[in-house]
Amino acid sequence: MKTYHTIIGGKQIISKNTFEVKNPATEELIGHAPISTKTDVAEAVAAAKKAQPDWAALDDDKRKEYIMKVAEVLTNNTEELATWITKEQGKPLGGPGSMFEMQACVGWTQVPASLDLPVEVVFEDETRRDELHRKAIGVVGAIAPWNWPLMIAIWQIIPALRVGNTVVLKPSEYTTIGTLEMVRMINEVLPAGVLNTISGPGEIGAELVGNKDVKKIMFTGSNSTGQKIIEASAGNMTRLTLELGGNDAAIVMEDVDPNAIAEGLFWGAFLNMGQTCACAKRLYVHESKYEGVINALSDLAEKMPMGNGLEDGIVLGPIQNKMQYDKVVDLVEDAKANNARIVCGGSPKEGKGFFYPITIVADVADGLRLVDEEQFGPVLPIIKYSNIEEAIKSANRLEAGLGASVWSSNLEEAKKVAARVEAGTVWINQHGAIHPMVPFGGVKGSGYGVEFGLDGLKSVTQPQVISINKA
Ligand code: NAD
């Protein structure tokens, strides 16, 4: 079985230590991933630091050209990389799965290549002219999670490279091979040292954060790791963008047609088996539509084929790993012990793989662990409310503030509710509908900083003012 390699300074690095990677649908071994050493981390940062001045000095159009070549590489290798995602992460090739993830990788590469950050004249009169220039920060460390491994790595890498930074990327230890393969392919069209990888457990990520030559960390992952990164970054004053966990509320108002919104709600909650930061994770439904929404969602759940995502027709795969699977089982068992109504699903599937059925849990209230904790899996608690004020209060009572949604046929009323929900994005009649031109990021405990669009690009630069005396 093949051992995969990291890339440092354009060269493949063979690691003495490796770990086994298994397919979560079959539990079969699919390859060996490298475990980087502390020396590897130091060498990767040194290679990125060496390559950075020349990369930043390139003409802006030249860097755009490079990024467009990366988009071409991703397009030409879509099927191969999507297959890696399916084998390693579990999401199917079909449905909103790994081919969809690869299309997103291409889109999130092309869009930053099309954006510009021209010099802004922020003040001018007869005595002075003040220009705001946006410069690269230096070496950016990118630390990715396992749920959308290639797409989130692209979100971190591409804007950073576009504006003249170089990057050291550490994929999640749960989804390493696909990401290393993607970087190997991308490296064929980039100068050596511009994009480097290291691999292994959290300690290797911590080593990257602690390196004083890393000037910015782009992190997507859990709140507890985010806290550790904040602490570790303090000594070097490393800049941070933190995209952390969410517990998105979806508020369904009394004027909806349950059947008309069911499909949008279903994928809003169960995209990638609920293993998506901005999935709807608690549903608040007006009492007049409570049973209607529950029935429409459970009808859909029964129809969606779940299985090994390499097979045709499958739209839902396994949970990615045993740790997450056990968490889902535990939260559902706790809900059962607290007299929740299991509308569908609710018991693990027999056989190989971390399969757990889509599970809809009704007759629950705030305070239940399944409502208050991020489940990050295929289980949705549905809570009844009678007055919209109660629903808004419930939506805002937790520390999470990534996304939220409001569902209504009255746009004006929905906008009034949306404005009062504490979240980085509040969608109306859709959930999780991110776009490469639209800034995305959390408030409260869900992190700080934004990605995507011009604001995302600015976040991987540092401003420099050039102030000219005209007198
Ligand atoms: P995680 O925090 O366990 O791991 C994320 C990455 O951090 C991995 O590469 C891991 O090896 C690394 N890491 C672990 N300890 C570290 C340390 N001390 N220093 C540096 N790096 C370290 O998160 P996960 O389980 O992979 O991801 C799931 C979580 O990510 C969920 O909470 C989800 O909501 C969140 N998420 C957020 C977004 C967003 O955009 N806000 C997107 C996707 C996932």
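**Asking why, residue by residue**

Me: Why does Met237 count as exposed?
Reply: Met237 has a relative accessibility of 68%. The word exposed is kept for values over 50%, so Met237 earns that label. Keep in mind that we are looking at a predicted model.

Me: Where is Met237 found, and what makes its phi stand out?
Reply: Met237 belongs to the loop between H8 and strand E11 (239-243). Its phi is positive, about 55°, although Met237 is not a glycine. Most residues other than glycine have a negative phi, so a positive value deserves a second look.

Me: What is the phi of Lys444, and why is Lys444 called partly exposed?
Reply: Lys444 also has a positive phi, about 50°, and it is not a glycine either. You can look for Lys444 in the loop between strand E18 (425-428) and strand E19 (447-448). Its relative accessibility is 31%. Buried needs a value under 20% and exposed one over 50%, so Lys444 falls in between and counts as partly exposed.

Me: Why does Lys228 count as exposed?
Reply: Lys228 sits in helix H8 and has a relative accessibility of 56%. That value is over 50%, so the term is exposed.

Me: How far apart are Lys228 and Ala206?
Reply: Lys228 and Ala206 are 22 residues apart along the chain, and their C-alpha atoms are separated by 8.5 Å.

Me: Let's turn to the other end of the scale. Why is Ala104 called buried?
Reply: Ala104, in helix H4 (residues 98-114), has a relative accessible area of 10%. Buried means under 20%, so Ala104 qualifies. As for its place in space, the C-alpha atoms of Ala104 and Tyr290 are separated by 34 Å, with these positions 186 residues apart along the chain.

Me: Why is Met182 called buried, and how many residues of H6 are buried?
Reply: Met182 lies in helix H6 (residues 177-187) and has a relative accessible area of 0%. This is under 20%, so Met182 is buried. In H6, 10 of the 11 residues are buried, and the helix is mostly covered. Among the buried residues of H6 are Ile177, Leu180, Glu181, Val183 and Asn187. If you trace from Met182 to Glu254, 72 residues apart in sequence, the C-alpha atoms are 46 Å apart in space.

Me: What makes Gln156 buried, and which residue's backbone oxygen lies 3.3 Å from its side chain?
Reply: Gln156 is placed in helix H5 (residues 149-162). Its relative accessible area is 0%, which is under 20%, so it is buried. A polar atom of the Gln156 side chain lies 3.3 Å from the backbone oxygen of Met218. A polar contact has to be within 3.5 Å, so this pair passes the test.

Me: Why does Thr359 count as buried, and which backbone atoms does its side chain reach?
Reply: Thr359, in strand E15 (residues 359-362), has 0% relative accessibility, so it falls under the 20% limit and is buried. The Thr359 side chain reaches the backbone nitrogen of Gly346 at 3.0 Å and the backbone oxygen of Pro357 at 2.8 Å. Both distances are within 3.5 Å, so both are polar contacts.

Me: Now the ligand. How do you know that Ser222 makes a polar contact with the ligand?
Reply: An N or O atom in the Ser222 side chain is 2.6 Å from an oxygen atom of the ligand. The limit is 3.5 Å, so this is a polar contact. The backbone takes part too: a polar backbone atom of Ala144 is 2.8 Å from a ligand oxygen, and a backbone N or O atom of Gly221 lies 3.2 Å from one. Taken alone the ligand exposes 860 Å², and the protein buries 90% of that.

Me: How many residues surround the ligand, and what gives the most to the shell?
Reply: There are 31 residues around the ligand, and the closest include Glu173, Thr225 and Glu374. H7 gives the most, with four residues. Helix H7 (202-210), strand E10 (214-220) and helix H8 (223-233) each supply at least two. By type, the shell divides into 16 nonpolar, 10 polar and five charged residues. The space that the ligand takes is the largest pocket.

Notes. Residues are numbered from 1 along each chain as its sequence is written. This is a predicted model: local features need pLDDT of at least 70, side-chain atom pairs count only at pLDDT 80 or more; totals for chains, interfaces and linings use all residues. Side-chain values use heavy atoms; hydrogens and water are left out. A residue is near a molecule or strand if one of its heavy atoms lies within 4 Å of it. A polar contact is a pair of N or O atoms within 3.5 Å; within protein, one must be able to donate a hydrogen and the other to accept it, and residues adjacent in sequence count only if both atoms are side-chain atoms. Accessible areas come from the Shrake-Rupley method with a 1.4 Å probe; for residues, only the protein chains shown count as cover. On a 1 Å grid over the protein atoms alone, a cavity is a set of points where a 1.4 Å probe fits but cannot get out, and a pocket is an open set with protein on both sides within 12 Å along at least five of seven lines; lining residues have an atom within 4 Å of a point. A molecule sits in a cavity or pocket if more than half of its atoms lie within 2 Å of its grid points. Ala, Val, Leu, Ile, Met, Phe, Trp, Tyr, Cys and Pro count as nonpolar, Asp, Glu, Lys and Arg as charged, and the others, Gly among them, as polar. Buried means under 20% relative accessible area, exposed over 50%, partly exposed in between (1.4 Å probe, protein chains only).
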